[in-house]
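Student: I'd like to learn how to read a structure like this one step by step. Could you show me the model and then take me through its features?

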Amino acid sequence: MSNNGTVAQQSRVTVPSPGCLAAVMVPIVAVLIAASVLMVMHYRQERANERNMAEALERTADLAHSYARDMVVAPNGFPGQEVVRGIAERHDGRLLSYARSEDSLTTTVRFFGEYEDTNMFGVSHSRAYHCYSIVLRKGAEGAPQAKTSPLEECNVI
């Protein structure tokens with residue numbers, strides 16, 4: 001009460017107790033820790049997936065060179081379209097184009113490489129592909145020689 005008999009209004013500032021502050025901060029810190037762990041896991045999975053895809057694309061280059069070697073040793077000079085299609089399929093490829101002339105054979109083949117793609121929900125098997133142009137020309141001795149070139153796009157069908 002005040003001196004003149006009225007009730008004086010007091011202004012109080014309350015400070016939260018340390019237990020109350022901890023009760024608010026602990027869930028926030030836990031969510032931040034969980035989010036950072038998930039971000040790190042996602043980053044690592046993405047890098048692993050990129051590595052797996054790059055390895056699959058490297059395998060397509062190996063398949064293309066192996067295909068070219070088989071084309072060179074095919075009997076009777078330049079093989080026919082069905083023989084070329086069979087050679088491509090043996091090397092996990094798909095023949096996209098076939099052009100034969102008197103002294104050369106040009107084929108475009110799409111080669112596939114499989115890899116594992118990992119995410120938060122599990123592992124899936126994916127396929128990467130790359131197209132190559134393989135040109136066979138008769139060399140000085142009359143035997144075919146192959147030149148393999150990667151293509152930027154696989155729009156030849």
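Tutor: Gladly. Along the sequence, the protein follows the pattern α-α-β-β-β-β, with two helices and four strands in total. Keep in mind that this is a predicted model.

Student: How much of the protein counts as buried?

Tutor: Of its 157 residues, 27% count as buried. As for contacts with a separation of 6 or more, 46% of them come from residues 24 or more positions apart.

Student: Let's take the helices. What span should helix H1 have, and what do its end C-alpha atoms give?

Tutor: The idea is to take 1.5 Å a residue and compare the result with the model. Helix H1 covers residues 18-72, so its 55 residues should span 81 Å, and the end C-alpha atoms are indeed 81 Å apart, which agrees.

Student: Which residues of H1 are buried, and what do they pack against?

Tutor: The buried residues include Gln45 and Asn49, then Ala56, Thr60, Ala61, Leu63 and Ala64, and also Ser66, Tyr67, Ala68 and Met71. The buried residues of H1 pack against helix H2 (81-90), and also against strands S2, S3 and S4, the last of these being residues 144-150.

Student: At what angle do H1 and H2 pack?

Tutor: A helix pair is read from its angle, its axis distance and its handedness. Here the angle is about 145° and the axes are 9 Å apart, and H1 passes H2 in a right-handed crossing. At the meeting place, H1 brings Tyr67, Asp70 and Met71, while H2 brings Val84, Ile87, Ala88 and Arg90.

Student: What lies in the loop between H2 and S1?

Tutor: One residue there is His91. At 9% relative accessibility His91 counts as buried. Leaving out residues up to four places away in sequence, His91 touches Leu63, Ser66, Tyr67, Asp70 and Phe111.

Asp92 is found in that loop too, between H2 and strand S1 (93-100). With 47% relative accessibility, Asp92 counts as partly exposed.

Student: What is the phi of Asp92?

Tutor: Start with the general idea: most residues other than glycine have a negative phi. The phi of Asp92 is near 55°, a positive value in a residue other than glycine.

Student: Now for strand S1. What does Tyr98 touch?

Tutor: Tyr98 is found in strand S1 and counts as partly exposed at 21% relative accessibility; the cut-off for buried is under 20%. Not counting residues up to four places away in sequence, Tyr98 touches Pro79, Gly80, Gln81 and Val84, along with Leu105, Thr106 and Thr107.

Distances along the chain and in space can be read together. Tyr98 and Thr108 are 10 residues apart in sequence and 6.8 Å apart in space, C-alpha to C-alpha. Arg85, in helix H2, is 13 residues from Tyr98 along the chain, and their C-alpha atoms are separated by 9.2 Å. Arg85 itself is partly exposed, with a relative accessible area of 27%.

Student: Is Ser104 buried or exposed?

Tutor: Ser104 has a relative accessible area of 11%, so it is buried. Its place is in strand S2. Apart from neighbours within four places in sequence, Ser104 is in contact with Phe78, Ala99, Leu136 and Arg137.

Student: How many aromatic pairs does the structure hold?

Tutor: The structure holds three. One of them joins Phe112 and Tyr129: the ring centres are 6.1 Å apart and the planes are at 55°, so the pair is tilted. Phe112 lies in strand S2 (residues 104-119) and Tyr129 in strand S3 (residues 122-138), so the pair ties together parts that are 17 residues apart in sequence. Phe112 counts as buried at 19% relative accessibility, whereas Tyr129 counts as partly exposed at 44%. There is also an aromatic cluster, formed by Tyr67, Phe111 and Tyr132.

Student: Which charged ends sit over the rings of Phe112 and Tyr129?

Tutor: For such a case, look at where the charged end lies relative to the ring centre. Over the ring of Phe112 sits the charged end of Arg127, 4.0 Å from the centre. Over the ring of Tyr129 sits that of Arg110, 4.9 Å from the centre.

Technical notes
Residues are numbered from 1 along each chain as its sequence is written. This is a predicted model: local features need pLDDT of at least 70, side-chain atom pairs count only at pLDDT 80 or more; totals for chains, interfaces and linings use all residues. Side-chain values use heavy atoms; hydrogens and water are left out. Rings of Phe, Tyr and Trp (its six-membered ring) pair if their centres lie within 6.5 Å; planes under 30 degrees apart count as stacked, over 60 as edge-to-face and the rest as tilted. Buried means under 20% relative accessible area, exposed over 50%, partly exposed in between (1.4 Å probe, protein chains only). A charge sits over a ring if NZ of Lys or CZ of Arg is within 6 Å of the ring centre and within 35 degrees of the ring normal. The expected span of a helix is 1.5 Å times one less than its number of residues. Contact means heavy atoms within 4.5 Å. Axes are lines fitted to C-alpha atoms, for helices over the stretch in contact, and angles run from 0 to 180 degrees between N-to-C directions. A crossing is left-handed if the near helix is turned anticlockwise from the far one by less than a right angle, and right-handed if clockwise.
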